[in-house]
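Reader: Hello! I would love a close look at one part of this chain, the aromatic residues. Could you take your time and walk me through them?

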Amino acid sequence: MIPRASFRLLLFFLVTPLSVICASADDRIQLWSPNGDSVVVTEIKDGRPTWSVKWRGDSVIESSRLGLQVREWPEPYVATGLALLENVERNETWDNPQGKNSPVRIAFREALLRITDRHDRQLGLRLRIFDDAVALRYEFYDVGSGIVLEQENTEFRFGEGWRSLATRCENFRTSHEHEYSDQPAESLPIGELIDLPAVFYRQNLAIAITEARLLNYPGMYLGRVSNQGRNDGVLLQTRLSPLPDDPEAVSTQQARFSTPWRVLLVADHPGKLLESNVIESLNEPSDLDATWIKPGKTTWNWWNGWVEPDLGFEAGMNFETHKYYIDFCKEYGIEYHAVVADERPWYIQSTRGYAPGDDTDILTPRPELELPRILAYAREQGVGIRLWVHWRPLMDQLDEAFALYHSWGVNGLMVDFLDRDDQEMVENCQRILESAMKHRLTIQFHGSYKPTGLRRTWPALMNREGVLNLEHLKWSDRCTPRHNINVAYTRNI
């Protein structure tokens, strides 16, 4: 731990003429964004690291706890020191061909803090402070033979008068297909899982809480907890998907690692949150060739519910039906057609439904489908073909399957029924994207957790669909116009 006198001296030399940092003798560090709109204060209170955020003078996050609970550290982490190790201002410009605008120009201040406890155990806290956002993550530099994380203690405390726009999940196994509730934040029930992104707003101020660069780590949710004796405002705590084989833990880590970014977007009204490029900017750029990726619309006869006019043949999983759609695509300039399923997938599987069975074979098409003939006809017409696959059998034959699909001339896939975002599933998605880039296949995940900006790193990632959307109108009236508007201001972030 740096002696207090040396710590003050270190801070003295890091202070710039713009006064981007100030500190006092009680381990309190204050940092500003490049234009001064965002201000973050980190300090030690009663042995706990805390943070708070102001934006244009308004309190956004009141003093809230930070930290992680490590199984190998059974004694509570009592912080005794806070040191500033790095402090720089950065300006970045990068191309964003898949995004809402390109090039992206973004400025932020980055600081690395070291939190030390009474046993000299050290935890890094990295901050990126944008004019319209704050992001933080935890960093470990040497965990020896490995550690098990049991919980994350990052908190978000609001004052009174906020409304929330969010969905709530029944548990960590979820397709994320829920309606949004627009209600006072104080009405959020204690103990329920709040999905992300979650939006909170009041007069002339709106924020979104989410995460970026989700890699090798479980997905993040929020849960409202007791306000610790206070009767004003709302206290939210980070909750993470548990490990499938160890429900009392959330993550296992080796050597050096960092968590995903915990992100707070800030604007003067909810619409401005949609303009932010912060989420993708917090991800590493790609060094892979992406010139082969061609966006476009897709026909998809499952969507129609197999409702076609009288065509002179029986509509279904056969060549004639898919030829009809390919001809439609060519006539109207639609770039792709998806070959998906009826009551079974396009590949060999005796069981009904989409869940894989003992004889599921994702390398062999159903004979009656005549997939080689469909692929050849689509190629002649200049129409791309996309397929569907369940994630579970895919993981057993990932590279073999993707190499085969590429050799067939397939352009991309929907990988379905993820319905989880524990560390194991997150790492599965990473493997899929790495293989997809290698074999030139674009990917849409379905039943998927929130986007965290990874398409900047793996441009093959077209979309993550995890929302109650128009397909629900085939069997219910849940997908209302109001719901669709709410999606635009939440998941769309």
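Author: Happy to; here is a walk through the aromatic rings, with a little of the whole chain as background.

This is a predicted model, in which local features need pLDDT of at least 70, side-chain atom pairs count only at pLDDT 80 or more, and totals for chains, interfaces and linings use all residues. Residues are numbered from 1 along each chain as its sequence is written, and side-chain values use heavy atoms, with hydrogens and water left out.

First, the setting. The chain has nine helices and 31 strands; these are DSSP runs numbered from the N terminus, helices being H or I with at least four residues and strands E with at least two. Buried residues, meaning those under 20% relative accessible area with a 1.4 Å probe and protein chains only, make up 56% of the 493 residues. Taken along the principal axes, the C-alpha atoms fill a box of roughly 85 × 50 × 40 Å.

Now to the rings. A pair of aromatic rings is described by the distance of the centres and the angle of the planes. Here rings of Phe, Tyr and Trp (its six-membered ring) pair if their centres lie within 6.5 Å, and planes under 30 degrees apart count as stacked, over 60 as edge-to-face and the rest as tilted. By this rule the count comes to 20 aromatic pairs. One of them joins Phe158 and Phe200: the ring centres are 4.8 Å apart and the planes stand at 40 degrees, so the pair is tilted. This pair links distant parts of the chain, with Phe158 in strand 12 (residues 155-158) and Phe200 in strand 17 (residues 198-202), 42 residues apart. Both Phe158 and Phe200 are buried.

Trp346 and Tyr347 make another pair, and because their planes are at 80 degrees, with centres 5.1 Å apart, the pair is edge-to-face. Trp346 is buried, at a relative accessible area of 0%, and Tyr347 is buried with a value of 0% too. Both belong to one aromatic cluster, together with Tyr354, Trp388, Phe402, Tyr405, Trp408 and Phe417.

Within that cluster, let us stop at Trp408, which sits in helix 7 (residues 398-408). Leaving aside residues up to four places away in sequence, Trp408 touches Trp346, Leu363, Pro365, Leu371, Leu375, Arg379 and Leu387, where a contact means heavy atoms within 4.5 Å. Take Leu375 from that list: Trp408 and Leu375 are 33 residues apart in sequence, and their C-alpha atoms are 7.3 Å apart in space.

Methods
Buried means under 20% relative accessible area, exposed over 50%, partly exposed in between (1.4 Å probe, protein chains only).
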